[in-house]
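Notebook open, structure loaded. I want to go through some helix packing, then the empty spaces, then one loop residue.

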Amino acid sequence: MTSQRSTTDWPTIFAIWAAGLGVAAQYGKISIIFDRMTLLYPDAGTSISFTVSLVGLVGIILGLVAGLFVSSFGYRRSLVWALWVGAGMSALQALHLPFGLFLASRLIEGLSHLGVVVAGPTLIAALSSHRDRGLAMTLWSTFFGVAFTLLAWLGLPLVAGFGLLSLFAAHAVIMAGLALWLGFALRDVPVPPRTAFPRLGSLPGMHLPVYRSPWIVAPAAGWLFYTCCFVSILTVIPPYIAEDLRRFVLAAMPLASIASSMILGVFLLRRMSGVKVAQLGFVLSACGVLWLWIQPGDPMACIALAAAMGLVQGGSFASVPQLNLGDAERAQAGGVLAQAGNLGNTIGTPLMVLTLGLAGFAGLMTVLLSLFLGGFLVHQFLAQKRKA
């Protein structure tokens, strides 16, 4: 399946992208109602935070293993079964599980999430022509932002009308529909060949060679710096934005990121590598931080920063198939990318909140600036390693 295609299978690619929206909603469905989760579990106390973080914890621990498993189990089967598992967990959650069982269901959802985010981009790269691959991978990179936007537009009104559990039920129906759709859509589509799953005892030793590969690890290395910033910026910046403009700016920032990826990012990917586009995004993001530092909470600075980060988003995913020509290597790169993303999302917000408490706004801006410049430099370092 690593041979070059002359055409792009856009209908199937859009179906896989829709699956990405479904698993992004595994995070989003809790995030948008997090302030009301205590209505379902009033005795949970501070443990309520695990309803969000447990999905990411699975990705941190098993990201690379997921890449190996998907290569062995099969990309098509992994994608479809991950959707069915996600549908089952949401259906159980709609029954108002006891809190312990709810947390267990979130752990299993983490496995479902990994199955899709590893198999999905590998399949998309394989179903794209060389010319269209940058566009297809950039489309995939938008799945988180689009899912959160749709949840805000459609999920919150659903909750307002039918209660919190209705969101889980609706998600179960959507995930089941996606599983049926992709089970049919991928039925006759050539998919990458399966590989043998390594012995369990050899798994710990397999991590180091992957992490040391400047080709496999490069997309994930930059992605770690990006994910440390994106969600945390949306969390800690709002108090600095004028209250009458805050809602508009917070809605516009993810949309600016998506638009930047799909318009400017795709244009640039026709002319330069994904790594270069990501590096440009890091530099422009650093400029956006300086703008915010000079004018705290300025709406245009916030939106410009989000747009700059969109280039990192699209360039990072596009670099996976550019740097890794084999399907197995792409799956490994996707697994490490998921691992880095979950780690960044987990540590980013606590790091920013701690910095804000210890060093104020200037400290926060210093950390953000350091992270964006760090993303640029780590790509520069790995590029030199690839030339050596």
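In which hand, left or right, does α10 pass α13? I looked this up first and found a left-handed crossing. Note to self: this is a predicted model.

**Entry: α10 and α13**

I got an angle of about 155° for the packing of α10 with α13, and their axes are 10 Å apart. That angle is over 145°, so α10 counts as roughly antiparallel to α13. Next I listed who touches whom. From α10 I wrote down Ala218, Pro219, Trp223, Tyr226, Cys229, Phe230 and Ile233. Their partners in α13 are Leu305, Met309, Val312, Gln313, Ser316, Phe317, Ser319, Val320 and Leu323. Sorted by class, this contact has 13 nonpolar residues, 3 polar ones and no charged ones.

**Entry: α10 and α11**

I stayed on α10, which covers residues 218-236, and turned to α11, residues 243-269. Here the axes come within 10 Å and cross at roughly 150°. This pair is therefore roughly antiparallel too. On the α10 side I noted Tyr226, Phe230, Ile233 and Leu234, which meet Leu250, Met253 and Ser257 of α11. The class count for this contact is 6 nonpolar, 1 polar and no charged. Tyr226, Phe230 and Ile233 also turn up in my list for α13, so I'm marking them as residues of α10 that touch both α11 and α13.

**Entry: α1 and α6**

How do the axes of α1 and α6 cross, and at what angle? For α1 (residues 10-31) and α6 (residues 133-141) I have roughly 25°, with the axes coming within 9 Å. The angle is under 35°, so I logged the two helices as roughly parallel. The crossing is right-handed. In α1 the residues involved are Trp10, Ile13, Phe14, Ile16, Trp17 and Gly20, and they meet Leu135, Ala136, Leu139 and Trp140 in α6. By class I get 9 nonpolar, 1 polar and no charged.

**Entry: the largest pocket**

How much space lies in the largest pocket? The value I have is about 1800 Å³. Its lining runs to 48 residues, and those nearest the centre are Ser31, Phe144, Phe148, Val231 and Leu234. Leu234 was already in my notes, from the contact of α10 with α11. I also checked which helix gives the most to this lining: α14 (residues 327-387), with 9 residues. The class split is 27 nonpolar, 18 polar and 3 charged.

**Entry: cavities**

I find 2 cavities of 30 Å³ or more. The largest cavity holds about 60 Å³ of space. Lining it are Pro121, Thr122, Ala125, Met137, Phe317, Val320, Arg330, Gly334 and Leu337. I see α5 (99-126), α13 (299-323) and α14 each supplying at least two of the lining residues. By class the lining has 6 nonpolar, 2 polar and 1 charged. Phe317 and Val320 line this cavity, and both are also among the α13 residues that α10 meets.

**Entry: aspartate 298**

Where does aspartate 298 sit? I placed it in the loop between α12 (274-294) and α13. Leaving out residues up to four places away in sequence, aspartate 298 touches Trp291 and Leu292. I also looked at valine 249, which is 49 residues from aspartate 298 along the chain, and their C-alpha atoms are separated by 9.5 Å.

Notes: Residues numbered from 1 in each chain as written. Predicted model: local features only at pLDDT ≥ 70, side-chain atom pairs only at ≥ 80, totals over all residues. Heavy atoms only, no water. 1 Å grid on protein atoms, 1.4 Å probe; cavity = no way out; pocket = protein on both sides within 12 Å on 5 of 7 lines; lining within 4 Å. Points joined across faces, edges and corners; volume = space filled by probe spheres on them. Helix = DSSP H or I, 4+ residues; strand = E, 2+ residues; numbered from the N terminus. Nonpolar A, V, L, I, M, F, W, Y, C, P; charged D, E, K, R; others polar. Axes fitted to C-alpha atoms, helices over the stretch in contact; angles between N-to-C directions. Parallel < 35°, antiparallel > 145°, perpendicular 65-115°, else oblique. Contact = heavy atoms within 4.5 Å. Left-handed = near helix turned anticlockwise from the far one by under 90°.
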